[in-house]
Amino acid sequence: MTKLNINGTEMDVEADGSMPLLWAVRDIAGMTGTKYGCGVGLCGACTVHIDGVAQRSCQITVDEVVGKAVTTIEGLDANGEHRVQQAWRELNVPQCGFCQSGQIMQAASLLAENPKPTDGEILEAMEGNVCRCGCYQRIVAAVRLASTGA
Amino acid sequence: MLKYLDQIHSPVARALTVQKVSRRAFLGTSSAFAVAVFTAPRAEAFPVWETGGSAMPNGLVDDPMVFVSIDTDGTVHLVAHRSEMGTGSRTTLPMIMADEMEADWDRVNIIQAEGDEPKYGNQNTDGSRSLRHHIQAARKIGGSVRMMLAGAAAEEWGVPVGEVVVSNHTVSHGGKSLGFGDLAENAMAMPVPAHKDIDYKSEDAFRYIGKGQVQITDLRDITTGAAVYGADVTLPGMKIAMVARPPVVGGKATSFDAEAAMAIPGVVAVHELPYSIMPAGFAPLGGVAVVADNTYAAIQGREALNITWEGGPHAGYTSKSYMAEMVAETRKMGTVMREQGDPDTAFANAAKVFTQTYTQDHMAHIPMEPPVALANFTGDAMEIWAPVQSPYQARQDAAKAVGLDEANVRVNVTLLGGGFGRKSKADYVTEAALLSQLVKAPVRVQWTREDDVHHSFYHTASAERIEAALDGSGKVVGWRHNSTAPSILSIFAPDSGHQFPIETGMGHVDVPFDIPNVRMDNGKAMAHTRIGWFRAVSNVPRAWAIGSFVGELAHELGKDQRAMWLELIGAPRTVDTVAEGYPETYWNYGEPANGFEIKTGKLINVLNIAADAIGYGKDLPEGEGIGLAVHRSFVSYVAVATRVKIIDGKVTVPEMHMAIDCGYAANPERISSQMEGASVMGMTIAQHSGITFADGAVEQSNFYDYDVTRSTNYPNNVKVHIVPHGFDEHSTGVGEPGVPPVAPSIANAVFEAQGKRLRHIPMGEMI
Ligand code: FES
Ligand code: FES
């Protein structure tokens, strides 16, 4: 049994300490907004925030996040109205949608750290998040919109 | 949320998620419908046209009683019977119903249909067919309900139905008005009007159709993590399974260590699954399954199996030598598929013959969501939740595998995290069904990305050799195209090594050029892996070859690309497939010739739109070039004009224009999003997507060696130009036709930029 802080709530998570956080969040904590896309840190579908910074939950174990704040897409904003989420809706970004919680978590982390990124900084920050449907043009526009309001 | 999911925690509640309005025997005549009930400009019933939809298994259903129910609070429930994998059909078809019904979109709730084709009509979400086949039914369903609401109100008020106004969720007459909810029960008991009696909205009265302001129905859930995909459904007592499948198709495990797997905490069972070898349809490959309490334990358990495999008859499959054999095959005369004029004489008398060969590796679809399925076998029945493109097929396959009658099997369709053709083939659903039966518990089978890359139904590998006979003036007077590629048919029937009409109809026999002497032939290539359809299918290698060849021919003849395309296409014409020697078996995407002809004027038009938009012919800085390609597929016409900029050897795309003629554009916003997506997938195909085999097994595994286009190098400034049409110009395909012209337009642009001609895809990101 491990105590984890997920989305501001202390939870007892019955998981082996070596279990990737991704599976603990999905299978044990029962929050399914965080997605599995590759398991090797190369697609970003599993992106969560650890103490506010985007990380790949498939590449970090339960033991490693003990005492830290884990935020998943479900906890990004209590009302689902984070400005990144709003920008995503305004531009009708998703196609299948599967990559999008990871994209949103990545973008939210970028803007928290760098509220006015250049286009180059946006592209670099989002490089690890694959969208197989190919929504990049709208993803980048949505990050810009969330950043500058235009 | 997907509304049927309410049932997950309480299976008995299923029927309560929708307040069903009972179907009654319809009495009386429909004379009430002889007059108009709609306020906006009035239209006649639109003339119905025949599509291939009626010839699809279980055809088309346009009964509003199947698709619509209205709650007494006015909520309108509309059934989406196609699978949502990102194209937007789960939004667009209900949106059409709602508009024609005069329902307020904000008061519409969408219900995802379970796999039940006898009830809903064909559900196979594939072939860019959802709008093409179902747009008329969607209008009819909506129009019927609007008439029924008006009829119920007229009866209640004792006024002529022609004076009743239905507008934006309200039915009114003079000062009286009623909401849809007030009328729900009586309206749904009215007779369903015949098509000819429906007073359809005129196009200028559409609120949503053709507009593009409607957001996709799952947008909020997707952005909050609440959207439900295949792996997001859980049942009490559910187990997770991972399957180790034979690396070579048709192979078997000769030994494995079940005890070691069972020793992993959380592992509850190890089962060997029955093996299959082509042709086995969508049957699972077999292998060794590890069933566990959670995904991590299943992964660890599978790793502990320490399996020894035997390869079987396809263990010799090696891409390098196979490709060389295919290229050699293209130089022989294959089975002739189409012949027009006298190509032998044309080539014998040619002043010059220009020949090139183009190749393509296999590809895997790698939808962002790898295959996954949950099955709950309960002895005499089974319920499944899965992201499937063809839920009824999946239901039939799974029922057969566990020995149940399909009547006792239900397939619930979750959202699909991408499909691209992979999720038409539901081997993963059958695996879940078999395992649930074996372990007597609900089982979710989760594929890893490596599983997905290693055990796909791969896009065919191909070699395409094209020859043009030129006369003394440089005019093309003869055309030969040998296409050699293992066939999809090999998964369904004993392999002849030859393609079938569905494949030869995709850009091979239907090359729309106006050339008097033509021969298309098909070389032999035996399949050694499971070949399956991938977004745009055989059009990808054909458009790649033909588009590149046109670019090369232009250079050879000292013409620009646009002039070369226009010369080859010739004057606008409707192709006479008989006169031009098309085979009797010619497959026009399953559509009847009438209304879905090959119209070369549309090719010319989209080509000119894209070329003009990019400023084709303008001077460009050093290291930049523009490439053009145009292709008809899925009855749509797409041209791509790409500007490439080579930066330190890296091919980048700063600008791309995509022009599409897809007939009537019901949801331009989703058409644009499909084209934008096609630009990215097309660039992935051009630069990254190659699956190769060595000793029968796939050499790639995950994004580190099977990468895709990413945010640091994707097509920028993609502008989509949709040719406007009225509703009478039949809607055609959108999901697939954007992909094929992208790779050749990039290759042609690279040549213009740097003089380097690339003839194999993937061509790599660096040149
Ligand atoms: S699943 Fe973690 S990066 Fe792909
Ligand atoms: S929207 Fe489908 S993978 Fe990004």
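Student: How many residue pairs are in polar contact across the interface of chain A and chain B, and what makes a pair count?

Tutor: The rule finds 35 such pairs, both residues at pLDDT 80 or more. A polar contact is a pair of N or O atoms within 3.5 Å; within protein, one must be able to donate a hydrogen and the other to accept it, and residues adjacent in sequence count only if both atoms are side-chain atoms. This is a predicted model, in which local features need pLDDT of at least 70 and side-chain atom pairs count only at pLDDT 80 or more, while totals for chains, interfaces and linings use all residues. Residues are numbered from 1 along each chain as its sequence is written, chains are lettered from A and ligands numbered from 1 in the order in which they are written, and side-chain values use heavy atoms, without hydrogens and water.

Student: Which helices of chain A each supply at least two residues of the side that touches chain B?

Tutor: They are H1 (21-28), H2 (83-90), H3 (100-113), H4 (119-126) and H5 (136-148). Helices (H or I, at least four residues) and strands (E, at least two) are DSSP runs, numbered from the N terminus.

Student: How many residues of each chain are in contact, and what area is buried?

Tutor: Contact means heavy atoms within 4.5 Å, and 48 residues of chain A meet 61 residues of chain B in this way. The two chains bury about 4400 Å² between them, 55% of it on carbon and sulfur atoms. Buried area is the accessible area (1.4 Å probe) that two parts lose on being put together, summed over both.

Student: Why is the pair Asp232(B) and Arg26(A) called a salt bridge?

Tutor: A salt bridge requires a side-chain nitrogen of Lys or Arg within 4 Å of a carboxyl oxygen of Asp or Glu. The closest N and O atoms of Asp232(B) and Arg26(A) are 2.8 Å apart, therefore the pair qualifies. The rule finds six salt bridges across this interface, and the structure holds 45 over all chains.

Student: What makes Asp27(A) and Arg444(B) a pair between chains, and is each residue buried, partly exposed or exposed?

Tutor: Their side chains meet in a salt bridge (4.0 Å, N to O), which runs from helix H1 of chain A to strand E17 (residues 443-446) of chain B. Buried means under 20% relative accessible area, exposed over 50%, and partly exposed in between (1.4 Å probe, protein chains only). Asp27(A) has 23% and is therefore partly exposed, whereas Arg444(B) has 2% and is therefore buried.

Student: What does the salt bridge between Asp427(B) and Arg530(B) tie together?

Tutor: The closest approach in this pair is 3.0 Å, N to O. Asp427(B) lies in helix H12 (residues 427-439) and Arg530(B) in the loop between strand E20 (517-522) and helix H15 (539-557) of chain B, so the pair joins parts 103 residues apart in sequence. Asp427(B), at 1% relative accessibility, counts as buried, as does Arg530(B) at 3%.

Student: How do you know whether the radius of gyration of chain A agrees with that of a compact globule?

Tutor: The radius is taken over C-alpha atoms, and the globule rule is 2.2 Å times the number of residues to the power 0.38. For 150 residues a compact globule would have a radius near 15 Å; chain A has 15 Å, so the values agree. Buried residues make up 60% of chain A.
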